[in-house]
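Please walk me through the structure shown here. I have not met it before and would like a plain account of how its parts are arranged.

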Amino acid sequence: MTVSLEALQKIALSIVETRDAALLLKQIVEGVAEHSDAALVRLWLMELGDVCAECRFQKECPDHTRCLHLAASVGRSRDGRKDYSRLTGGFRRIPLGARKVGRIAAEGRPMAVAEVAPDQEWVGDPAWIKAEQVRSFAGEPLVFQGEVLGVLCVFARARLSQKDFKELRAFAGLAAVAIANARAFEEINRLKNRLEQENAYLREEVRAVSASGNIVGQSPALKKVLHQIDLVARTDANVLILGESGVGKELVARAIHERSPRASHPLIKVNCGAIPDNLFESEMFGHVKGAFTGAVRDRAGRFELADGGTLFLDEAGEIPLALQAKLLRAVQERQFERVGEERTRQVNTRIVAATNRDLKSEVQAGRFRRDLFYRLSVFPIEVPPLRERREDIPLLAASFLQAAAQKLNLKPHRLAQAQIKQLCDYDWPGNARELQNVLESALILSQHTAFSIQLPAASASRTKPPGDVEASFNPASILTRAELREQERESIRAALGRANGKVFGAGGAAQLLGMKGTTLASRLAALGISRRGNAG
């Protein structure tokens, strides 16, 4: 007896209780094996071709697109020494139409052989058939709503009757329904998890857009960048955005996405420098449940979340060298595998990368793959620093002040001409991000006092004579500890003089020096400096 009414009831119960497709497949083959004298029970599912280059049947494959993947197997050798539950081996992939299993899937019709002879044409391994004394074979297509999902096969040591074949056919029909239901539940969960992750990313994007605003400015340098954005946005070319930290590379990436045909799909950002090396592959490509400690459920990676949209690789120069080859394949072929999964996934994702590093130098130093660099930099865009487009500073400052007032629920301020000149004369080593922070700080500090802007005292600006700039930092100089101590004294004296002896609070020497008031007070005591700036 191959399959009894009891086995049918067991699989029916699994439909209700089991939503995990992998567990269900195991229950199906075990359910058949438990109620039969089976040497081997196997189940293949129809999937996309993924190991065509190493498949033993590649010459028999019609188009190398879809084939049968071995998904569940159970059985033992006659002497009990061999376990046939492994999913590897020569028959792990079978093309449609190839051999008996492929023919069953291609035609959608069962095959029943009551008396198997090792020398029959369709037998794939005559020696195994003989050694295991396989007498009968039954192969059933798993069909749901007219679609062949896979094939269930039984190699039995006992002779199967017509009643056995009929019961197995009923079992296969029920198994197909169970598989379709389990897949539907998994797809629902996959979409649910993806929506949750997309919503989280979209919330981050909304916060980022609210904080940074749009691209503001009318300088020739910025107009050149905007023209480049318009040229490349409507294409699918990969873009590499270059520029110093704080120039607005993320705004450029967002503008490219919003002006592209992909605008209705998500823009997913990855800060490559913030991901630990051991989690980078999982973060980019996702993982399956149990792939590593802590992987409690399947999780889609950033590439998959950006399918149809744009993937923004911020700080691309920080990508670990060991993982750049896998990233290259995903960028180049738009294919990847989740960690712990053999299935190859296909995505339609556009790549926009950004870095403040000189990637050409990184390539020369062997820290960045040359092929990945060329793949990312199909269309490079260089964003100029703020000091090279000073005419944009008044517009940017006004925009930042208005946004900060709304965010902080404070009274907005308009800049006086003297303050605008003060901002334009400063070199802004931190670029637009530094300008935004300085203005937000000024707005907060002016709630009960007049609005004033305090720029970092130690930073060079165009108002300083060239000699002073050289004196402030000369990389060729080597200072003794005594000289360093004296330099610190001079810096503190200068700050106290500008602050009229004030140490704490807005406009105080501590704020000018970029340190806490308590820290400055302890340094004053250690260096013997009074608040009037004189050495004790």
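The paragraphs below go from the whole chain to its two sheets and the helices beside them.

This is a predicted model, in which local features need pLDDT of at least 70 and side-chain atom pairs count only at pLDDT 80 or more, while totals for chains, interfaces and linings use all residues. Residues are numbered from 1 along each chain as its sequence is written, and side-chain values use heavy atoms, with hydrogens and water left out.

The secondary structure of the protein chain comprises 19 helices and 15 strands; these are DSSP runs numbered from the N terminus, with helices being H or I of at least four residues and strands E of at least two. Of its 536 residues, 44% are buried. Buried means under 20% relative accessible area, exposed means over 50%, and partly exposed lies in between, with a 1.4 Å probe and protein chains only. The protein chain exposes about 27900 Å², and carbon and sulfur atoms supply 51% of that area, computed by the Shrake-Rupley method with a 1.4 Å probe. Among contacts (heavy atoms within 4.5 Å) with a separation of 6 or more, 70% are between residues 24 or more positions apart.

One open sheet has six strands in the order β3-β2-β1-β6-β5-β4, with antiparallel pairing. Two strands pair if DSSP finds at least two bridges between them. Strands β3 (93–95) and β4 (111–113) stand at the edges with a single partner strand each, so one side of each has no neighbour in the sheet. From one strand to the next, the twist averages 25°.

Within this sheet, β5 (residues 136–144) and β6 (residues 147–156) pair in the antiparallel sense over nine bridges. L142 has G150 in β6 as its bridge partner, and V143 has V148 in β6. The hairpin of β5 and β6 has two residues between the strands, and Q145 takes a positive phi near 50° there. Strand β6 is also joined to β1 by seven bridges, again antiparallel, with L43 opposite L152 in β6. Nine of the 10 residues of β6 are buried.

Two helices lie across this sheet. Helix α3 (residues 99–107) lies across β1, β2, β3, β4, β5 and β6, at about 145° to β6; axes are lines fitted to C-alpha atoms, for helices over the stretch in contact, and angles run from 0 to 180 degrees between N-to-C directions. Helix α2 (residues 21–34) lies across β1 (38–48), β2 (66–74) and β6, at about 150° to β1. The buried residues of α2 are A21, L24, L25, I28, V29, G31 and V32. Seen down the axis of α2, these residues fall within an arc of 155°, so they line one face of the helix; the arc is that of the directions from the helix axis to the C-beta atoms. The face turned away from the buried side of α2 carries the exposed residues A22 and E34.

A further open sheet has five strands in the order β8-β11-β14-β7-β15, with parallel pairing. Its edge strands are β8 (267–271) and β15 (379–382), each pairing on one side only. Strands β7 (residues 239–242) and β14 (residues 350–355) pair in the parallel sense over four bridges, and I241 stands opposite A354 in β14. Helix α6 (residues 220–233) lies across β7, β14 and β15, at about 160° to β15.
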